[in-house]
Amino acid sequence: MRLSEYWNLRPGVIAVIGSGGKTTLLRTLGEELAAKHRVVLCTTTKILPFPGVPLARTAAELAALGPRRLICAGTPLPGTGKLTGPEIPLKALAERFDYVLVEADGAAGRPLKAHAPWEPVIPPEAARVLHVIGASGFGRPIARAAHRPERYARLAGTAETATASPETEAPVLLAEDLGGALFLNQAETPESLAQARALARLMNRPVLAGSLWKGEYESC
C-alpha cells in the first residue's frame, strides 16, 4: 500500500504531527511522491537531517541543487545535530515544489504525547494534517510512554502511573481535537492491530495501522 495514495494526498503543504514516527513518515511519503513529483521536507520545530537527502538552507542553496525531485530545507542548529525551519518561507517553497512535507511537532522521542497550548506548530499553509501515534507506548506506564505525561494523564482522566492504552489515547485525542488522519505506527503484532481497531471504535473514525519500517499497513 502506498501511503500517499491511501490518504489521497494532493499537491500542497502537508503537516505531520504527533509522536512515534513523524520523521520516518516524512521520508516515506517523500520517497513515494518523488517518483513523479518535486518534494521538499522541512519542519516548523526541530528535525533530524535525512541521510542521503540534499539540504538547502537559503534560496541560493536551493537554486544550486537544480531540479532534484527530493530535498530537505532547513537550518542547522549548532550543537544539536538537528535542523530548524528553513530561511525560505513555506509559501515560496510551495511555489517551487509540488509537495511540502512539514514535521510540525515534537515528542522528545516518546511514542505518545499530549500537546502544550503552543503545540503543534501547524503552518497556516497546510491543507492536510497527518497525526502519528506510536503503538509501542501502549502497555507502558504513561509516565514513561508519553511526552508531557502529566498533561496526558489529566486529559485521559487517570494517573501518570496508569498503563497507556487505546482507552487512554482516545480521550486525549478527543480533548485536543487536532483533526487530521490518524496513523498508528509501530503496530507490528496481532495485539497492536487489535489496539488499532479498538482506537478506531473509540474515536468513531478510521485509523490506519501498521509499520513504517516494514511497509505493511491495515485500515481499521
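## Around Leu101

Let's start with Leu101 in this predicted model. Leaving aside residues up to four places away in sequence, Leu101 touches Ile14, Leu26, Leu29, Gly30 and Leu33, along with Val39, Val40, Leu41 and Cys42.

## Two nonpolar cores

Leu101 also turns up in the largest nonpolar core, a set of 27 residues, where Trp7, Leu25, Leu101 and Leu130 have the most contacts inside the core. Quite a few elements chip in: at least two residues each come from strand 1 (12-18), helix 2 (22-33), strand 2 (39-43), strand 4 (70-73), strand 7 (99-103), strand 9 (126-134) and strand 11 (181-185). Helix 2 gives the largest share, with 4 residues.

There's a second core too, separate from that one, with 26 residues. Among them are Ile142, Ala162, Leu173 and Leu199. As background, nonpolar side chains tend to be buried together in soluble globular proteins.

## Helix 7 against helix 8

Now for a helix pair. The axes of helix 7 (residues 166-176) and helix 8 (residues 190-203) come within 9 Å, crossing at roughly 40 degrees. Because of that angle, helix 7 counts as oblique to helix 8. The crossing of helix 7 past helix 8 is right-handed.

Who meets whom here? Helix 7 brings Pro166, Glu167, Glu169, Ala170, Leu173 and Leu174, while helix 8 answers with Gln195, Ala198, Leu199, Leu202 and Met203. By type, the residues of this contact split into 8 nonpolar, 1 polar and 2 charged. Leu173 and Leu199, both part of this contact, are also in the second core.

Definitions and conventions:
Residues are numbered from 1 along each chain as its sequence is written. This is a predicted model: local features need pLDDT of at least 70, side-chain atom pairs count only at pLDDT 80 or more; totals for chains, interfaces and linings use all residues. Side-chain values use heavy atoms; hydrogens and water are left out. A nonpolar core is a set of buried Ala, Val, Leu, Ile, Met, Phe, Trp, Tyr and Cys residues joined through side-chain atoms within 4.5 Å. Buried means under 20% relative accessible area, exposed over 50%, partly exposed in between (1.4 Å probe, protein chains only). Contact means heavy atoms within 4.5 Å. Axes are lines fitted to C-alpha atoms, for helices over the stretch in contact, and angles run from 0 to 180 degrees between N-to-C directions. Angles under 35 degrees count as roughly parallel, over 145 as roughly antiparallel, 65 to 115 as roughly perpendicular and the rest as oblique. A crossing is left-handed if the near helix is turned anticlockwise from the far one by less than a right angle, and right-handed if clockwise. Ala, Val, Leu, Ile, Met, Phe, Trp, Tyr, Cys and Pro count as nonpolar, Asp, Glu, Lys and Arg as charged, and the others, Gly among them, as polar.
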